[in-house]
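Ready for a bit of backbone hunting? Take a look at the sequence and the model, then try the exercises.

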Protein chains: 2
Amino acid sequence: MADKKLVEQITSREEDFAQWYTDVVKKAELTDYSSVKGFMVIRPAGYAIWENIMAALDSRFKATGVQNCSMPLLIPQSLLEKESEHVEGFAPEVAWVTSGGSKRLEERLCVRPTSEVLFCDYYSKVVKSYRDLPQLLNQWCSVVRWEKTTRPFLRTREFLWQEGHTVHATAEEAEERTLLMLDIYADVLENELAIPVVKGRKTDKEKFAGAIATYTVEALMHDGQALQCATSHNFGDGFAKAFQVQYLSKNNTVEPVHQTSWGITTRTIGALIMVHGDDSGLVLPPRIAPVQVNIIPIQQNKEGVLDKAFDLMNTLMDAGLRVKVDDSDKTPGFKFADSEVRGIPLRLEIGPKDIEAGQVVLVRRDTREKIVVSFENLVEESKKLLEQIQKDMYNRALTFQKERTTDAKSLDELVASLDKKPGFVRAMWCGCRECEEKLKEYSGITSRCIPAKQEKIADTCVVCGKPATKMVYWGRAY
Amino acid sequence: MADKKLVEQITSREEDFAQWYTDVVKKAELTDYSSVKGFMVIRPAGYAIWENIMAALDSRFKATGVQNCSMPLLIPQSLLEKESEHVEGFAPEVAWVTSGGSKRLEERLCVRPTSEVLFCDYYSKVVKSYRDLPQLLNQWCSVVRWEKTTRPFLRTREFLWQEGHTVHATAEEAEERTLLMLDIYADVLENELAIPVVKGRKTDKEKFAGAIATYTVEALMHDGQALQCATSHNFGDGFAKAFQVQYLSKNNTVEPVHQTSWGITTRTIGALIMVHGDDSGLVLPPRIAPVQVNIIPIQQNKEGVLDKAFDLMNTLMDAGLRVKVDDSDKTPGFKFADSEVRGIPLRLEIGPKDIEAGQVVLVRRDTREKIVVSFENLVEESKKLLEQIQKDMYNRALTFQKERTTDAKSLDELVASLDKKPGFVRAMWCGCRECEEKLKEYSGITSRCIPAKQEKIADTCVVCGKPATKMVYWGRAY
């Protein structure tokens, strides 16, 4: 039995989802508050998840020719202000450095909120000819945006992310890259994080400051709210013209480049928690879990128990699994609960009786199913179970997403549906910003995305009744 | 023949070592200047080296139980000022954030110059009992120190590094950890970067602000100047007392923890350049080289040449090597020079005649030796050659270090030796700070370290003539 003392400190999801989230983040030791408001410490258990997410993304990026680099942390005010739409979007939420080395600076420097202008400045120097294109760069770093209200992972004044920035000879190539990176995000979210997503384009109202098109992957959290998990932007040649990033073409003409950027943040850890977690804590998909099998010795002071536990750990690790033994001086009940809070996919119980019988007990974190496995079959069975858990977690999340996605033909239907069963609502839209603003004011509903695969649900816009041009996914979002 | 046009742009080492360094950094496309003075862009070729250095270190750290985490970028002024020696050391060179989100901040926040105080703040909250010890954390990040004069990699206002911070129950354990991490740095520098080092303790004058002991690994550059490559600090319980990081011991007493920190920076890339580079550019040790084999097709437009080049690339990559094909529309001569500038350990030439003869030509970057190898033996020979290059590079650097290390029994001898043949001079020291200061003022000479393995070169201090207590490595340093 899992120790209730530990579990009871987590508020139930149904009772108070926001408090449940805070409790899980704390109990699973993912983050801690820091001495600067809105800045978080990402603790080892949280950071190890991020390391696995980074690895899954980084190898995929590199397979498409992307290289990593490092741009400066600080941006001069004059550089930030070079592209007008962009600066309007970011200037209100940046932090300013005004002195360095005990001297007042001649020009203020902002801590990067994103690095478009730095990459543009760099590309304007290194791109000369069509031979220099494309440039496919990425960096892993942190950025600062002075948000008013913050929550661990979901909205923090500093967050970790990657930002890819590419420049291309043609508009077609830039659009292709924008969509390719969106596909990589969807692939990692679905196949590594077991989070089903809806892919699509943002409306003009929701797109990134300075972009001609923003694409997004959106997921549904357990409370039915949507979370934007990653975005990919096509900038066209707007930045290129502002920063004079241009190249000599094969025909000897000077042309502006076509640019993209794309990013995913530590916010995805928030998504992992809110899609898969339950009232006992975190539930991590095996592919991204820092520890996949947690070995808990029963009566560990009895001769041979700990030795056997570490033997099994070595056997499983040799097979490529990530394993630990919890040999702390806590009770097994406490360890079971602790293993659940931390979301470790499989717990392995081994005690004197098991050793005698030549077997162990495996317990799935997601379903709590118990499986007795002989020593000989342990590696094979553990691998099979981890794969099964990964699949089942994805499928459960997909079933939830489907159940929570409805169609609406009128405004009343749309709002009623989201009020009654929060999720995605698919509904038609005329294409004008006023209708979006009306929906947001009226009921906090925002357009999540315009999927590439369009269906015709009705002829008219769900808000204004004018002829519809697009089917849109609507929802309330984090 | 390598194309001279590219090579000629590099100043020779003997003519002007500082300019040679700048030329190599530029021609090998390692960094670029940014729009903020003293801040650098690390370009893909430079960053890929850093990625390999990080991987070599990170796996070794983790093997000793270290976990990664992420601390905030910014530190409140009051927190920075909590440990007096530490703040004295860093306050003059920090950058201050004074406004965020369009509002003036109530308290200034500095961009972290190092994160001791953040880790202390965190540990003071999570460490309660002896059960919580040790805590072995590390983070990979960038820090900002407002240096007056800067040079790419060697001294920049922002640099990338890792900073490990650990807390322990006993003084012995902290000292053990301090030395263990120093050994890891030495291991990576010697066995991965092929840079021989001298390990030792810093004098009180040279130690880190707030530490009771600082250990260092020092290397000699090709111009005979020393470079501090990494440091490991034992803080004793000074920080612990200032920040009240304390724990309940097994005997039920409240005790302060004993703390360490240890770091290595992108400066090591500067060391790689200055230890191994030559007048044709960079020379990278195979274990750390992002590309180990550069395949250069000869008459690449002839049928079958490029196909064969990519075939060979795949064969070598399947064997675990890092390989690229330079199929750009440049001449082979240009590509040879380019491959040399970038320091790629092996260049592989393959043309129609080679294909006919079933062979390739391999050329070592370090010695320029040409080796003809049959297709069948290519994988085996390439691996063997890369290992040989790694060994030879280390041994050449070690021979140089030995040749440049002399003993001195008097001040005149010490200074004359460093003037004539820059390098390390081993000489005795009384242990007082005044003698160090005198040497520095007199001739820019600093103590590099006090090695654990002491020898008695003379009875008296090389500066003041009083009884000697230690043998010290002296030199002029970057």
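Here come three short exercises on unusual backbone spots.

This is a predicted model, where local features need pLDDT of at least 70, side-chain atom pairs count only at pLDDT 80 or more, and totals for chains, interfaces and linings use all residues. Residues are numbered from 1 along each chain as its sequence is written, chains are lettered from A and ligands numbered from 1 in the order in which they are written, and side-chain values use heavy atoms, leaving out hydrogens and water.

**Exercise 1.** Find what kind of peptide bond joins A:Leu133 and A:Pro134, and place A:Pro134 in its chain.

*Solution.* Start with omega: at about -5 degrees, the bond is cis. Next, A:Pro134 sits in the loop running between helix H6 (116-126) and strand S7 (135-144) of chain A. Helices (H or I, at least four residues) and strands (E, at least two) are DSSP runs, numbered from the N terminus. Now chain B: B:Leu133 and B:Pro134 are joined by a cis bond too, with omega about -5 degrees.

**Exercise 2.** Work out the sign of phi at A:Gln299 and its exposure.

*Solution.* Phi is near 50 degrees, so positive, in a non-glycine residue. Most residues other than glycine have a negative phi. A:Gln299 belongs to the loop between strand S15 (293-297) and helix H10 (305-318) of chain A. Its relative accessible area is 43%, so A:Gln299 is partly exposed (buried is under 20%, exposed over 50%, partly exposed in between; 1.4 Å probe, protein chains only).

**Exercise 3.** Do likewise for B:Asn252: where is it, and how exposed?

*Solution.* Look in the loop between strand S12 (246-248) and strand S13 (254-256) of chain B. There, B:Asn252 has a positive phi, near 70 degrees. With 59% relative accessibility, B:Asn252 is exposed.
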